[in-house]
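These notes are meant for someone opening this model without having seen it before. They go point by point and can be read alongside the structure.

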Amino acid sequence: MVKKIILDCDPGHDDAVAIMLAAASNDIQILGITCVGGNATLENTKLNALKICSLIERTDIKIYAGSSKPLKYDLITAAHVHGKSGLDKDGDPIVVDASYNIQKENAVDFIINECHKNIDPIYLCPTGPLTNIALSLQKDSSIKEKIKEIVFMGGAALCLGNITPSAEFNIYVDPHAANIVLNSGIPLTMMGLDVTHKVNVNNEIIENIKKINNKASIFFAELMEYYSRFHRELYATDESPLHDPCVIAYLINEDIFNGKLVNVQVEENSELTRGKTVTDWLGVTKRKPNCKVITEANAKQFFTLLAKELAKLI
Ligand code: BDR
Ligand code: CA
């Protein structure tokens, strides 16, 4: 059955690839894209979403603006990874279709209304800070029944963080929102750094996808060339983790991934460990498991899928 999703994102180079993968897949129907402040300001992330959908000529996809800042903290952006615009790259600038605009309805209201409107339960796919999702749950907790699963990119269960030694960026930015989602009782799947660092893009993969030679694959290559610079420097390797598309690949083919249902809670306040996803892998706390934490991926299958889907786009 085709999965109905809301892609809640902060594009972002890897968010852009997630959008393209979801737009291409016949197994997924995008009900809408909701934007949040994260990698860049909300102004930029919503503009970037318009650019991405314009480039792939999918201006039928509706885009909604959500929260410009986390629940309690000030916004921290990731210009060090994605550039000031959130989608810096070499090559031609992307032009937004003149008649393509952000929807008037707020992202939070859109999420709530869409949950109630659809007969089939829907999948929420956050690939940025979890602010919009937490605000939706706070505003109308009855949507819990309508959500089949939340598959989110965030966290570092058993590995190092990437914004601090303890924390992954999305969770660090809004740890309070993450705890609201983690304690919602909704079925959750966490695609954290544990797994996304097993789905690495390198020059060979970029070149192979570029050979598809459609707009989407050339855009993918331009994005990855920029995005790889930061990772090459930080990790001293040619391998860059392709975080956000893991969420979409999981929805298309769960068999690419493996994980374990455990309890995850987030540190909200500590200066040293804010945003740490405290993961009870061994079950030592006896807290009820609330989240399937994915730790393994078959990268070959992932990139075969990605290339096949990007080839279907314009
Ligand atoms: C996450 O942070 C952002 O920079 C990426 O888009 C991804 O969602 C990885 O930590
Ligand atoms: Ca993201």
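1. Ala236 is exposed, because its relative accessible area of 70% is over the 50% cut-off. This residue belongs to the loop between α10 (215-235) and β8 (240-241). The backbone deserves a look here: phi of Ala236 is near 50 degrees, a positive value in a residue other than glycine. As with everything below, the value comes from a predicted model.

2. Glu57 also has a positive phi, of about 55 degrees, although it is not a glycine. Its place is the loop between α2 and β3. Is Glu57 buried, partly exposed or exposed? With 46% relative accessibility, Glu57 counts as partly exposed.

3. Another backbone feature to check is the peptide bond from Pro11 to Gly12, which is cis, with omega near -15 degrees. Gly12 lies in the loop between β1 and α1. Asp10, a calcium donor, is placed in the loop between β1 (3-9) and α1 (13-24).

4. Which residues coordinate the calcium ion (ligand 2)? The donors are Asp10 (OD), Asp15 (OD), Asp15 (OD), Thr127 (O) and Asp244 (OD), at 2.2 to 2.6 Å. Asp15 is thus listed twice, each time through OD, while Thr127 takes part through O. Along the chain the donors follow the spacing D-x4-D-x111-T-x116-D. Asp10 and Thr127 form a pair that links distant parts of the chain, 117 residues apart. Thr127 sits in the loop between β4 (122-126) and α5 (131-139). Both Asp10 and Thr127 are buried.

5. Ligand 1 has around it Asp14, Asp15, Asn39, His82, Thr127, Met153, Asn162, Glu168, Phe169, Asn170, His243 and Asp244. Among them, Asp15, Thr127 and Asp244 also appear as donors of the calcium ion (ligand 2). Three polar approaches to oxygen atoms of ligand 1 can be followed in the model. A polar side-chain atom of Asp14 is 2.6 Å from an oxygen atom of the ligand, and a polar side-chain atom of Asn162 is 2.8 Å from an oxygen atom of ligand 1. From Thr127 the partner is a polar backbone atom, 3.0 Å from an oxygen atom of ligand 1.

6. How many aromatic pairs does the structure hold? There are 3 aromatic pairs. In one of them, the rings of Tyr64 and Phe110 have centres 3.8 Å apart and planes at 15 degrees, so this pair is stacked. The pair joins distant parts of the chain, with Tyr64 in strand β3 (residues 63-65) and Phe110 in helix α4 (residues 107-117), 46 residues apart. Tyr64 is buried, at a relative accessible area of 5%, and Phe110 is buried too, at 2%. The rings of Phe302 and Phe303 have centres 4.9 Å apart and planes at 85 degrees, so they form an edge-to-face pair. Phe302 counts as buried at 1% relative accessibility, and Phe303 is buried with a relative accessible area of 10%.

7. Arg274 should be viewed together with two tyrosine rings. It lies over the face of Tyr73, at 3.7 Å from the ring centre. The charged end of Arg274 also sits over the ring of Tyr172, 4.2 Å from its centre.

8. Helix α4, already met through Phe110, has Ala107, Val108, Phe110, Ile111, Ile112, Glu114 and Cys115 as buried residues. What do the buried residues of α4 pack against? Their partners are β1, β2 (28-35), β3, β4, α5 and β5 (147-153). At the start of α4, a side-chain oxygen of Asn106 comes within 2.7 Å of the backbone nitrogen of Val108.

9. Ser54 belongs to helix α2 (residues 42-55). Why is Ser54 counted as buried? Its relative accessible area is 6%, and buried means under 20%, so Ser54 falls in that class. A polar atom of the Ser54 side chain lies 2.8 Å from the backbone oxygen of Leu50. Leaving aside neighbours within four places in sequence, Ser54 is in contact with Thr59, Val95, Val96, Asp97 and Tyr100.

Key: Residues are numbered from 1 along each chain as its sequence is written. Chains are lettered from A and ligands numbered from 1 in the order in which they are written. This is a predicted model: local features need pLDDT of at least 70, side-chain atom pairs count only at pLDDT 80 or more; totals for chains, interfaces and linings use all residues. Side-chain values use heavy atoms; hydrogens and water are left out. Helices (H or I, at least four residues) and strands (E, at least two) are DSSP runs, numbered from the N terminus. Buried means under 20% relative accessible area, exposed over 50%, partly exposed in between (1.4 Å probe, protein chains only). A polar contact is a pair of N or O atoms within 3.5 Å; within protein, one must be able to donate a hydrogen and the other to accept it, and residues adjacent in sequence count only if both atoms are side-chain atoms. Contact means heavy atoms within 4.5 Å. Rings of Phe, Tyr and Trp (its six-membered ring) pair if their centres lie within 6.5 Å; planes under 30 degrees apart count as stacked, over 60 as edge-to-face and the rest as tilted. A charge sits over a ring if NZ of Lys or CZ of Arg is within 6 Å of the ring centre and within 35 degrees of the ring normal. Donors are N, O and S atoms within 2.8 Å of the metal (3.2 Å for Na, K and Ca); water is not among the atoms, so sites may look incomplete. A residue is near a molecule or strand if one of its heavy atoms lies within 4 Å of it.
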